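Biologist: I'm new to this one and would like to know how the labels get decided. Can you take me through some of them?

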Amino acid sequence: MNSREITLIGPEGTNLFVFFQFLILNLISWFNLYLLENTLEFNLSNVLFRQIIFSLLGVAVFFLFTYISINNIYNLSEVLLFSSTVLLFGVLFTQESLGARRRYDLGIIDVQPSEFTKIILVIVIAKFLAESSKNIWIIAGVIANVLLIFLQPDLGTTLILLILIFLLMFISSTRIIFLVTVLISSFFGFLALLELNLVNRFQVKRITDFYSDIQDFSQTQARLQISLGGLTGQSIDENISIFVPVQTTDFIFSAFSKNFGFLGNIMLFSLWVLFALRVRRLVLKSDYVFEKFLLSGFIILFFIQIFINVFTVLGLIPLTGDPFPLLSLGGSSILATSAAFGIINRSFIENNLTI
Amino acid sequence: MFNSKRLNIVLSLALSLFFIIILNLYNIQINKQGDVESEILRQNFQTFYIPAARGDILDVNGNELATSKFKSYLYINTSKISDENRNYYQQYIEYNYENLSTNEITKILQSNSPLVAVGEILDKSKTLTDINSYQAFLIYEIPYRVYENNKLFAHVVGYTGVPTLEEEVKFINSKRNNTVGKNGLERAYDNVLSGTPGKITIKNGEIVDYTPPIKGQTLKTSLDLNLQTVVRNSLVEGIDLANKNFDTESLIQRGAVVVQKIDTGEIVSMVSLPDFNPNQFIEGISNYDFIKLNREKAFNNYAIQGLYPPGSVFKVVAHWLALNENLYPEGANFYDDKIDCEGSLSFRFNDGSQQVYKDWKIDGHGSVDLGTSIQKSCNVYFWDIALKIWRTYGESESESILQDYAKSIGFGTQTLIDLPFEKFGVIPDRDLFEEWKTTRPELVRAEGWLGGDLMNLIIGQGAITATPIQVSNAYRSLVVGQKDKPYLSSEYFEPNAKEIDITSGDRKLLLDDLGKVTDRGGTAFKSFSIMGDISKDVGGKTGTAQNPGDLNDTSWFVGIDSLSDPKFVIVVVVEEGGSGSAVSAPITRRIIQYLRGLDMTPVEFGEVTE
């Protein structure tokens with residue numbers, strides 16, 4: 001389908017818009033962590049150094065996926081789904097940490113397979129929707145993945161995947177009556193799970209607390225920190241700081257808001273909206289149905305993660321532990337997002353769009 | 001099938017969610033709803049307040065009545081205590097502060113407060129070298145109150161203490177100073193005397209800012225230390241004398257004196273007995289002492305809180321009324337028209353009841369006019385005036401003319417002296433009795449207000465009560481012809497004088513008649529005769545108010561130091577002190593001797609009269 005020679009950088013081999021978007025978001029996360037920590041030390045216990053290392057690895061992954069054609073991705077999807085299932089199954093036998101089994105501890109770094117599952121499910125579902133003959137084993141695999149993540153337990157990621165699947169079905173011309181049925185049955189399904197005590201009680205408590213008057217400490221602190229940012233960032237006094245739990249990962253957005261203020265927030269969201277609109281143009285232009293679903297799926301996945309993360313930080317929904325793409329500290333999340341950006345980049349090139 | 005329309009719907013939904021986020025961020029970051037800023041400061045800085053020294057209270061000559069001194073205290077910065085050094089501090093405190101139990105030391109070391117006091121430093125130079133190696137220790141000078149004259153000004157100056165929750169709200173600096181004026185001038189002028197507390201700001205365990213405390217302002221008063229000493233001694237002598245001469249059920253121990261300057265209305269001396277040593281409150285009064293003093297009712301300032309029937313000292317109101325309204329007993333039309341006092345008065349009221357009122361002097365005072373009725377404290381003459389009022393105005397709007405006169409010179413209400421917790425007193429009339437029928441039925445008869453009540457009132461008996469400060473201010477008002485608040489601090493005094501309806505001739509006549517009381521033939525002659533001819537220039541009025549039951553009479557005397565040049569009103573009251581002329585008059589005489597620069601002679605028991 002595409003015979004263009006791929007080079008590492010430059011108009012011939014890379015879409016500059018995608019690449020610079022990717023770089024800018026990475027640089028913002030470095031700058032943000034630097035303002036937060038004020039130190040850069042060259043060992044992996046320093047969060048900024050960790051993030052820089054992951055970002056550089058992310059650039060490598062970006063180009064790795066730029067070299068893989070969309071067709072290859074299409075053909076690899078079953079393999080990817082199988083690997084994801086195996087990894088998610090294996091993670092259930094690891095050491096429990098903070099009441100959940102979510103990651104493989106590889107010494108200096110952890111690997112969180114569910115981050116990769118998000119990307120893999122977009123690929124798998126895109127292929128499933130693009131094909132005319134439906135493979136029942138794909139459905140089973142997707143359900144298995146979601147269930148395995150639910151069992152970790154990781155309600156936040158489970159929720160993200162369910163919304164993702166639902167929205168992908170929505171844009172695939174599925175009949176509305178069917179979608180409504182899915183919505184209603186998942187609502188009662190969740191209630192049934194609650195009744196059967198299959199939902200982790202800490203997570204149930206987060207939800208019940210949210211609907212009572214108990215203010216979550218992290219969310220209260222996060223709002224205080226966000227208010228410190230003012231219009232242009234850190235408006236009151238450099239010496240003033242607010243303690244926010246899990247600051248560098250799940251609550252990184254409140255630190256960003258403090259450092260860059262209201263204008264910084266608008267700038268960050270504008271970058272993502274511009275990116276989405278640019279990808280949308282490609283989706284509309286492309287004739288390749290798998291590619292349409294794939295690109296839309298990535299944009300939808302990014303946005304779901306951003307909304308769940310920011311809504312959590314702002315205290316608009318109960319506490320969930322989801323990263324902000326490319327802003328939160330976390331190797332698996334960065335590498336998975338980098339792969340998605342690499343695939344998007346490849347897609348632009350295959351459509352002869354270099355800028 | 002890929003549906004582009006639906007993709008657009010999803011993206012539009014995303015845009016609206018971004019919009020919601022932006023709105024929320026605008027509210028948090030730009031509008032800053034709620035008390036975000038204060039909460040941020042609270043989380044970032046801890047503040048600790050060092051009490052400020054209270055301002056001095058001085059007498060008229062600059063003598064210190066209340067001062068502040070300092071003690072050095074060892075404080076500990078708890079955020080610098082860690083698991084590694086906890087033992088060093090524990091040992092240091094155990095060694096140097098033996099009075100602290102291990103439990104108390106643990107409490108100090110684990111306190112949530114940024115700074116905690118360990119204890120007073122006795123050897124400062126040693127501690128100063130010690131704390132070089134103990135980084136968490138700090139030394140602060142903490143003020144404490146000293147009352148140099150101990151008991152002498154206990155009630156009028158008052159004392160300080162730890163504020164209650166209500167006081168923390170009412171007195172702005174009291175919480176941070178951990179001190180508030182509890183009574184007397186200390187309370188009335190708390191916002192003048194309490195200084196601005198020092199402020200220590202701590203961030204991450206380090207002191208980042210220190211504002212030293214500012215001492216409160218000095219309060220100059222009209223009190224006179226030397227006079228106060230004389231007054232207290234005289235009152236103590238008089239009370240001793242009363243105990244020797246009367247066989248009362250309980251010890252006579254309560255009394256009060258007010259000395260007021262006539263030209264300004266300032267209070268130059270105020271004594272109330274029994275008293276207490278306010279320094280005890282500063283060091284922490286023992287429970288035993290407190291209960292004992294409380295049982296004696298030693299914390300009451302009887303000069304402004306003692307409610308007594310004023311007895312015959314109240315007759316000056318009728319004296320003024322008779323002259324002003326030209327209202328004399330039946331058969332008399334002028335000031336010096338005489339009536340015959342036979343020692344009792346029998347009369348018939350409109351309701352047909354026949355009554356006989358007996359004067360305190362059974363044989364009667366003979367032929368008396370208004371002046372001699374004051375001089376000899378003849379009740380019959382004043383009862384006749386009351387009868388005249390009753391018959392002239394009875395049950396009309398002017399029925400309460402006597403009460404109106406009394407109220408216009410401050411009876412029945414607070415004088416608004418610059419001291420807290422002043423009592424109101426009572427001037428009874430028909431309305432009050434009607435009110436009491438429902439609220440305090442044990443005090444009144446079913447018939448309500450009767451002529452007999454007015455006859456009681458005119459000689460200061462019955463339901464009427466007054467405080468010594470009211471009596472003093474009333475006499476001063478009659479002498480100068482205008483009424484204002486009495487006060488102790490001219491600096492903060494806001495004049496609000498009201499003219500009262502008394503002619504200068506009547507004022508002169510009143511002084512003349514008060515003069516007769518201490519002169520030959522007067523009730524207080526015996527007590528004042530030791531002054532020789534000077535007693536002719538001194539005036540006064542005795543009062544012996546009957547009390548219910550077996551209680552001894554309340555002894556009153558109101559003195560004027562000089563008739564030719566009146567400078568001071570002296571009011572003396574001794575609860576259960578018996579006759580005014582026997583006990584309170586000689587106390588007043590001794591005070592007047594001091595005020596006139598004469599040699600003071602001991603308080604001697606005078607003639608028993610009313």
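Modeller: Sure, starting just after α20(B): B:Gly460 has a positive phi there, about 75°. Keep in mind that this is a predicted model.

Biologist: What makes α20(B) count as mostly covered?

Modeller: The helix spans residues 451-458 of chain B, and seven of its eight residues are buried. A residue gets that label if 20 or more other C-beta atoms lie within 10 Å of its own. The ones that pass are B:Gly451, B:Asp453, B:Leu454, B:Met455, B:Asn456, B:Leu457 and B:Ile458.

Biologist: Which elements do the buried residues of α20(B) pack against?

Modeller: Their partners are α15 (315-325), β15 (354-358), α17 (379-393) and α18 (401-408), which belong to chain B.

Biologist: Why is A:Val246 called partly exposed?

Modeller: Count its neighbours: 14 other C-beta atoms sit within 10 Å. Buried takes 20 or more, and exposed means 12 or fewer. A count of 14 falls in between, so A:Val246 is partly exposed. Its phi is near 35°, a positive value in a residue other than glycine. You'll find A:Val246 in the loop between α9 (217-229) and α10 (252-285) of chain A.

Biologist: And what makes B:Asn150 partly exposed?

Modeller: Here the count is 13 C-beta neighbours inside 10 Å. Exposed stops at 12 or fewer and buried begins at 20, so B:Asn150 lands in between and is partly exposed. B:Asn150 also has a positive phi, near 50°, and is a residue other than glycine. Its place is the loop between β5 (137-146) and α6 (154-157) of chain B.

Biologist: Where is there a cis peptide bond, and what is its omega?

Modeller: One joins B:Leu273 and B:Pro274, with omega about 0°. B:Pro274 is in the loop between β12 (267-273) and α12 (279-283) of chain B. In chain A, the bond from A:Gln152 to A:Pro153 is cis, with omega near -5°. A:Pro153 is in the loop between α5 (136-151) and α6 (155-170) of chain A.

Biologist: How many residues does each chain bring to the contact?

Modeller: Chain B gives 27 residues and chain A gives 37 residues. On the chain B side, the elements giving two or more residues are α1 (4-31) and α2 (36-44). The largest share, 17 residues, comes from α1(B).

Biologist: What kinds of residue make up the side of chain B that touches chain A?

Modeller: That side splits into 17 nonpolar, six polar and four charged residues.

Terms used:
Residues are numbered from 1 along each chain as its sequence is written. Chains are lettered from A and ligands numbered from 1 in the order in which they are written. This is a predicted model: local features need pLDDT of at least 70, side-chain atom pairs count only at pLDDT 80 or more; totals for chains, interfaces and linings use all residues. Two residues are in contact if their C-beta atoms, placed from the backbone, lie within 7 Å. Helices (H or I, at least four residues) and strands (E, at least two) are DSSP runs, numbered from the N terminus. Ala, Val, Leu, Ile, Met, Phe, Trp, Tyr, Cys and Pro count as nonpolar, Asp, Glu, Lys and Arg as charged, and the others, Gly among them, as polar.
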